[in-house]
Amino acid sequence: MSLHDEMMTAKMYIGGEWVDSLSAKRYGVINPATSEELASVPAGNEEDVKSAYRAAEQAFRQWKKAPPEERADLVRRLAIAVLRKEGEFAMLESQNVGHPIRAMRSDLTIGAKDLTYFAGLYPELRGETIPGPFGEVLNYTVREPFGVVGRIVPFNHPLMFALQSLAAPLVAGNTVILKPASLTPLSALYLAKEIEKIFPLGVVNIVTGSGHEIGAAIAKHPGIRRIAVTGSVETGKEVARLGAEALKYVTLELGGKNPIIILPDVDVDVAVRAAIKGMNFTWTASQSCQSTSRCFIHEALHDEFVEKLVTAMNSIKVGIPTNEDTEMGCLSSKSQLSKVEKYVGIGIAEGAKLVTGGHRPSNHELSRGFFYSPTLFDEVRSDSRLGQEEIFGPVLSVISWNDRNELVKQVNSVQYGLTALILTKNISDGHKLAAEVEAGYIWINGPTTTRGVPFGGYKMSGIGRQGSVAELLSYTQEKSVQLTL
Ligand code: NAD
């Protein structure tokens, strides 16, 4: 059976079995580049979550006892397995999410390296001894897994997030129920075929369906004590609210409206390259939480910067995601496209100056998909909706500044605080600004992330940190033991 045919009859993976939903319902998954149906997957319901919980809870009893090194070995094997199937994964992912295929190969590599990174961290699952009255007591702590962990992920990096979501909880000895985004569940289901060959039954379970049904059922289930959500602020609040009933440990990786701050000593060409890279046009059509969508340019550089930025944005090749030479793909759904169009309308109505883009590409080949041209607004007011709200699409807002105190005030005026990119030749100034900006991850002079550095948000951008030892430990609970001698 071809991969395409397989995906038309895809099933969920629960307790080591391929199952339909107990609802007996299915829904169509769309290729956003063509608007055609790409697959059909089960529309899971609360009963499916209960069934996944039972399987995961059963599996946990043995999995928690497995030596951590063995668990780490299996996690490493998963990394090797996905790398071996890079071609199939990248093609499926690109068709489902609409990002360029070369970017999806890179997502796969990042996810595989994260699995390997967390596998290597298993010796960190250690406790400590605490001195007490000499010769009378021995105090020590151990780190134990929670049990069944629920991981709810968004649509924009389906495979990368699926792999990242498994790494830390599994190494720490938990079993997992993974809920992919309803728009982009295909790579996670394909991943289950590799999981099936590697992990004991029930250690990983993948349930497909809507957030309101499956996501909420995971959030509410009293047995799932630990949940992590990557998604919008609204979803984060809802999961935290639902989880509060059972006092769950919930971590949240949420949205951003991130600034790029350009000081007057910066080379304009360097600033333009950083603004393009920071916006992730060519990775995800800017559908990335870390995209730097508010561009604070010093007024001394403004005119030259905007002119060169427009040239650079107009030269990005928007095309069919699965073509190797495509630089920017499409938005991942019709609703994402509508959201972008809505915000372009809002920007115009608010009096911001539309400098380039603001429309769908005229290329006939792209007319059936959810494509949108890279779009630049200038003269954006920081306190406008365009300047405050997350668009999650290829719309960049330029705000010029000349007063440093006012700059910091405006940068921090949003409800979010995920990332910030500061450009300056004056390193001391860069550090001073980094101290003043309210964000969980700050780049000075270049938006690349390093594995092992904690990632997470300030303010409404989230609670908790991922991608580091702190994440691994957050999937354990500390038990203190006192032995009276
Ligand atoms: P979303 O919040 O709509 O959905 C995220 C996940 O939550 C999906 O699996 C969805 O089905 C589920 N969900 C939706 N409603 C739910 C509910 N009521 N209860 C439980 N689960 C529910 O987000 P999205 O549109 O898929 O992704 C875009 C958002 O994610 C943006 O805001 C973006 O900034 C954010 N994001 C954050 C990070 C980060 O690391 N901080 C990374 C990627 C994306």
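This report walks through a predicted model, visiting its ligand, some of its charged pairs and a handful of single residues.

## Around the ligand

Let us start with the ligand. In this model 28 residues surround it, and the closest are V153, S232, T235, L254 and E390. Some polar atoms of the protein can be picked out here. A polar backbone atom of V153 is 2.7 Å from an oxygen atom of the ligand. G231 also takes part through its backbone, with an N or O atom 3.3 Å from a ligand oxygen. E253 uses its side chain instead: a polar atom there lies 3.3 Å from an oxygen atom of the ligand. How much of the ligand does the protein cover? On its own the ligand has 850 Å² of accessible area, and the protein covers 89% of it.

## Pairs of opposite charge

Next, look for side chains of opposite charge that meet. The count for this model comes to 25 salt bridges. Three of them are listed here, with the distance between the N and O atoms.

| Positive residue | Negative residue | N to O distance |
|---|---|---|
| K308 | D269 | 3.2 Å |
| K317 | D325 | 3.4 Å |
| R404 | E436 | 3.0 Å |

Take the pair of K308 and D269, which meet in a salt bridge. K308 sits in helix α12 (residues 302-314) and D269 in helix α10 (residues 268-279), so this pair ties together parts that are 39 residues apart in sequence. K308 is partly exposed, at 31% relative accessibility, and D269 is partly exposed too, at 36%.

In the pair of K317 and D325, K317 is partly exposed with a relative accessible area of 39%. Its partner D325 is partly exposed at 46%.

The salt bridge between R404 and E436 has its N and O atoms 3.0 Å apart. This pair links distant parts of the chain, 32 residues apart: R404 belongs to helix α15 (residues 404-411) and E436 to helix α16 (residues 427-436). R404 is partly exposed, with a relative accessible area of 27%, and E436 is partly exposed at 33%. Elsewhere, K11, D20 and R26 are joined into one network by salt bridges that share partners.

## A buried charge without a salt bridge

Now find E93 in helix α4 (residues 86-97). Which side chain of opposite charge is nearest to E93, and how far away is it? The answer is R105, at 13 Å; E93 is buried yet has no salt bridge. A salt bridge needs a side-chain nitrogen of Lys or Arg within 4 Å of a carboxyl oxygen of Asp or Glu, so R105 at 13 Å does not form one with E93. The side chain of E93 does have a polar partner, since it makes a polar contact with the side chain of S187 at 2.6 Å. Beyond its sequence neighbours within four places, E93 is in contact with G98, M104, H157, P158, L159, M160 and S187.

## Two more buried residues

N45 lies in the loop between β4 (36-42) and α2 (46-63). Is N45 buried or exposed? With a relative accessible area of 14%, N45 is buried. Its side chain reaches the backbone nitrogen of E47 at 3.0 Å. Leaving aside neighbours within four places in sequence, the contacts of N45 are S21, L22, S23, E213 and I214.

T356 is part of strand β14 (residues 353-356). T356 is buried, with a relative accessible area of 11%. The side chains of T356 and N314 make a polar contact at 2.8 Å. Apart from neighbours within four places in sequence, T356 is in contact with several residues, including V310, M313 and P374.

## Two backbone angles to look up

Most residues other than glycine have a negative phi. Against that background, two residues are worth finding. E379 has a positive phi near 55 degrees and is not a glycine; E379 is found in the loop between β15 (375-378) and α14 (385-388). K459 also has a positive phi, of about 50 degrees, although K459 is not a glycine. The place of K459 is in the loop between β18 (441-444) and β19 (462-463), and K459 is partly exposed at 35% relative accessibility.

Definitions and conventions
Residues numbered from 1 in each chain as written. Predicted model: local features only at pLDDT ≥ 70, side-chain atom pairs only at ≥ 80, totals over all residues. Heavy atoms only, no water. Helix = DSSP H or I, 4+ residues; strand = E, 2+ residues; numbered from the N terminus. Buried < 20%, exposed > 50% of the residue type's maximum accessible area, 1.4 Å probe, protein only. Lys, Arg positive; Asp, Glu negative; His and termini not counted. Polar contact = N/O pair within 3.5 Å; in protein donor to acceptor, adjacent residues only side chain to side chain. Contact = heavy atoms within 4.5 Å. Near = heavy atom within 4 Å. Areas by Shrake-Rupley, 256 points an atom, 1.4 Å probe, with all protein chains shown as cover.
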